[in-house]
Amino acid sequence: MQPTRPTDALVSASDPASVHVVPARPVPPVARVSIALTGALLAGVLTSFGQAVPALATVSNSAGPWFVVAVLLCAVAGVRAGRVALPLAMLLGVVLLEVMHVGYWAATVLRGYPDVLSITNPWVLLGVPAGLLAGAVAVALRGGRRRGTRGAVLAAGALGVVAAVLVGESVRAFLRVATPETTPAWAVQLAVGVVVLVVSIVRAGSPVGRVTALATGLVGAVGVFGALLLIGG
């Protein structure tokens, strides 16, 4: 007797030619959030180890990639818009960034290097507004296609924010901390930020969206540049 294949269970007994497609079950919200939190912890751990690799040291010492990771993990968690959902998404963004700090601190100490995880640490404090922004950006990007023109404008502005973080930090690095060895990596981050801004403008879909993307990117970059100067000199 020939063994039954898994796909045979989808074939109707009365009509072998018909196939019943079983819809995939949605991933429970708790599982999604757990995956996001695990990803954040792993990102922090990898950041610590990445600082010991010359090719990854600059990326591992920059804040822009962490912001991008937080946005992506918020999207993985299934954030959405709404009176209650949006604040929760923003809160999740804060939690994810702080979990990254925990992962980084734990890995660094276990590797034998001194590090202090303190609530007064400027980067820990910066994780609060950055996390709130990351959650809001993820909501705008995830729901942009389903809310018509208004959603497209919000999504364009959200991409402008991502570009602003990458560009603002890169400009600050060029002026304050870049060395001949790290300049290429900062140039790559700057180029990525510019590409994201151009994409946000091109895909905005309307003049209002394009202006929003451009204004958010430029003004946001200046704001990120100023904030990093305040905390890092």
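Two residues are in contact here when heavy atoms of theirs lie within 4.5 Å. Keep that in mind for the tour, and remember that you're looking at a predicted model.

**Try it out on Ala 173**

Select Ala 173, which sits in helix 6. Setting aside neighbours within four places in sequence, Ala 173 is in contact with Ala 178 and Trp 186. Is Ala 173 buried or exposed? Its relative accessibility is 1%, and under 20% means buried, so Ala 173 counts as buried. Now add Thr 183 to your selection. Ala 173 and Thr 183 are 10 residues apart along the chain, and their C-alpha atoms are separated by 8.5 Å.

**Zoom out**

Show the whole chain as a cartoon and count what you see. There are eight helices and zero strands, so to speak an α-α-α-α-α-α-α-α run from the N terminus on. The protein has 233 residues, and 35% of them count as buried. If you look at contacts between residues at least 6 apart in sequence, 69% of them join residues at least 24 apart. Switch on the surface, too: about 13,500 Å² is accessible, with 73% of that belonging to carbon and sulfur atoms.

**Into the core**

Next, hide the surface and select Phe 67, Val 79, Leu 96, Met 100 and Val 137. In the largest nonpolar core, which has 33 residues, these touch the most other members. Which helices supply at least two residues each to this core? They are helix 1, helix 3 (64-76), helix 4, helix 5 (122-143), helix 6 (148-176), helix 7 (183-202) and helix 8 (207-232). Helix 4 gives the most, with seven residues.

Stay with Val 137 for a moment and display what surrounds it. Not counting neighbours within four places in sequence, Val 137 is in contact with Phe 67, Val 71, Ala 158, Val 161 and Val 162.

**Along helix 4**

Select residues 85-110 to get helix 4, then pick out His 101, which is found there. With a relative accessible area of 12%, His 101 is buried. Beyond four places in sequence, His 101 has contacts with Trp 66, Leu 117, Trp 123 and Val 124.

Now hop over to Ser 48 in helix 1 (residues 29-50). Ser 48 is buried as well, with a relative accessible area of 0%. What does Ser 48 touch, apart from residues up to four places away in sequence? The list is Tyr 104, Ala 107, Thr 108 and Arg 111.

**Back to the outside**

Turn the surface on again and colour Leu 41, Val 102, Trp 105, Val 109 and Leu 117. Together they form a nonpolar patch with about 380 Å² of accessible area. Helix 4 provides the largest share of this patch, three residues. Click on Val 109, which is found in helix 4. Val 109 has 38% relative accessibility, which lies between the 20% and 50% cut-offs, so Val 109 counts as partly exposed.

**Last stop: the record**

UniProt, in an unreviewed entry, places the feature "transmembrane region" at residues 35-57, 63-81, 88-107, 119-141, 153-174, 186-204 and 211-231. Try selecting two of these. Residues 119-141 are 87% helix and 0% strand, with end C-alpha atoms 30 Å apart. Residues 153-174 are 100% helix and 0% strand, and there the end C-alpha atoms are 31 Å apart.

Note on methods:
Residues are numbered from 1 along each chain as its sequence is written. This is a predicted model: local features need pLDDT of at least 70, side-chain atom pairs count only at pLDDT 80 or more; totals for chains, interfaces and linings use all residues. Side-chain values use heavy atoms; hydrogens and water are left out. Helices (H or I, at least four residues) and strands (E, at least two) are DSSP runs, numbered from the N terminus. Buried means under 20% relative accessible area, exposed over 50%, partly exposed in between (1.4 Å probe, protein chains only). Accessible areas come from the Shrake-Rupley method with a 1.4 Å probe; for residues, only the protein chains shown count as cover. Patches are made of residues with over 30% relative accessible area and no salt bridge: like charges are joined within 9 Å, nonpolar side chains (Val, Leu, Ile, Met, Phe, Trp, Tyr) within 5 Å. A salt bridge is a side-chain nitrogen of Lys or Arg within 4 Å of a carboxyl oxygen of Asp or Glu. A nonpolar core is a set of buried Ala, Val, Leu, Ile, Met, Phe, Trp, Tyr and Cys residues joined through side-chain atoms within 4.5 Å. UniProt positions are given in the numbering used here, feature names are shortened, and annotations may be inferred rather than shown by experiment.
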